[in-house]
Amino acid sequence: MNTSTAPSTAHVIGRIAASLLGGYAFTWGVTTLGITGLVALGVDYHEAHTVLMLLAFLVFLTVFLWAFAARSLTRVWGVLGLGGAGMTGAAWLLQQQLI
């Protein structure tokens with residue numbers, strides 16, 4: 001006997017928002033930190049940009065799907081939102097050191 005209930009509308013909207021907004025923020029963080037890190041290592045900016053933009057499709061797809069598969073919606077928001085903000089902040093700090 002299955003005792004689980006259907007998720008509420010708010011929960012579904014929270015998952016959709018986390019997958020789209022949080023996924024975008026996380027992907028932005030990965031991309032900015034990756035480009036900045038590669039440039040700091042001596043890779044040409046345009047090459048680093050191209051590689052990370054191609055990788056961004058896979059990153060976004062992965063975190064988008066994970067947002068629906070994870071058990072805890074709070075954990076999804078924490079990982080995607082805080083992770084994206086943290087990586088973007090780290091990229092900004094690294095970029096300030098390069099200038």
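Gly78 sits in helix H3, where helices (H or I, at least four residues) and strands (E, at least two) are DSSP runs, numbered from the N terminus. The model is predicted: local features need pLDDT of at least 70, side-chain atom pairs count only at pLDDT 80 or more, and totals for chains, interfaces and linings use all residues. Residues are numbered from 1 along each chain as its sequence is written, and side-chain values use heavy atoms, with hydrogens and water left out.

Gly78 has a relative accessible area of 26% and is therefore partly exposed; buried means under 20%, exposed over 50%, and partly exposed in between (1.4 Å probe, protein chains only). From Gly78 to Val59 the C-alpha distance is 17 Å, with their positions 19 residues apart in sequence.

Arg75 also belongs to helix H3. Its relative accessibility is 53%, so Arg75 counts as exposed. Leu65 lies ten residues from Arg75 in sequence, and their C-alpha atoms are 14 Å apart.

Trp77 is another residue of helix H3, partly exposed at 34% relative accessible area. Trp77 joins Val12, Ile16, Leu20, Leu21 and Phe68 in a nonpolar patch on the surface, which has about 530 Å² of accessible area together. Patches are made of residues with over 30% relative accessible area and no salt bridge, like charges being joined within 9 Å and nonpolar side chains (Val, Leu, Ile, Met, Phe, Trp, Tyr) within 5 Å. A salt bridge here is a side-chain nitrogen of Lys or Arg within 4 Å of a carboxyl oxygen of Asp or Glu. Areas come from the Shrake-Rupley method with a 1.4 Å probe; for residues, only the protein chains shown count as cover. H1 gives the most to this patch, with four residues.

Further along H3 is Leu94, partly exposed at 27%. The C-alpha atoms of Leu94 and Gly37 are separated by 7.6 Å, although the two residues are 57 apart along the chain.

The largest pocket has a volume of about 310 Å³. A pocket is an open set of points on a 1 Å grid over the protein atoms alone, where a 1.4 Å probe fits, with protein on both sides within 12 Å along at least five of seven lines; lining residues have an atom within 4 Å of a point. Its lining comprises 14 residues, and Thr32, Ile35, Thr36, Tyr45 and Gln95 lie nearest the centre. Helices H1 (9–40), H2 (45–69) and H3 (73–98) each give two or more residues to the lining, and the largest share, six residues, comes from H1.

Conventions
Grid points are joined across faces, edges and corners, and a volume is the space filled by probe spheres set on the points.
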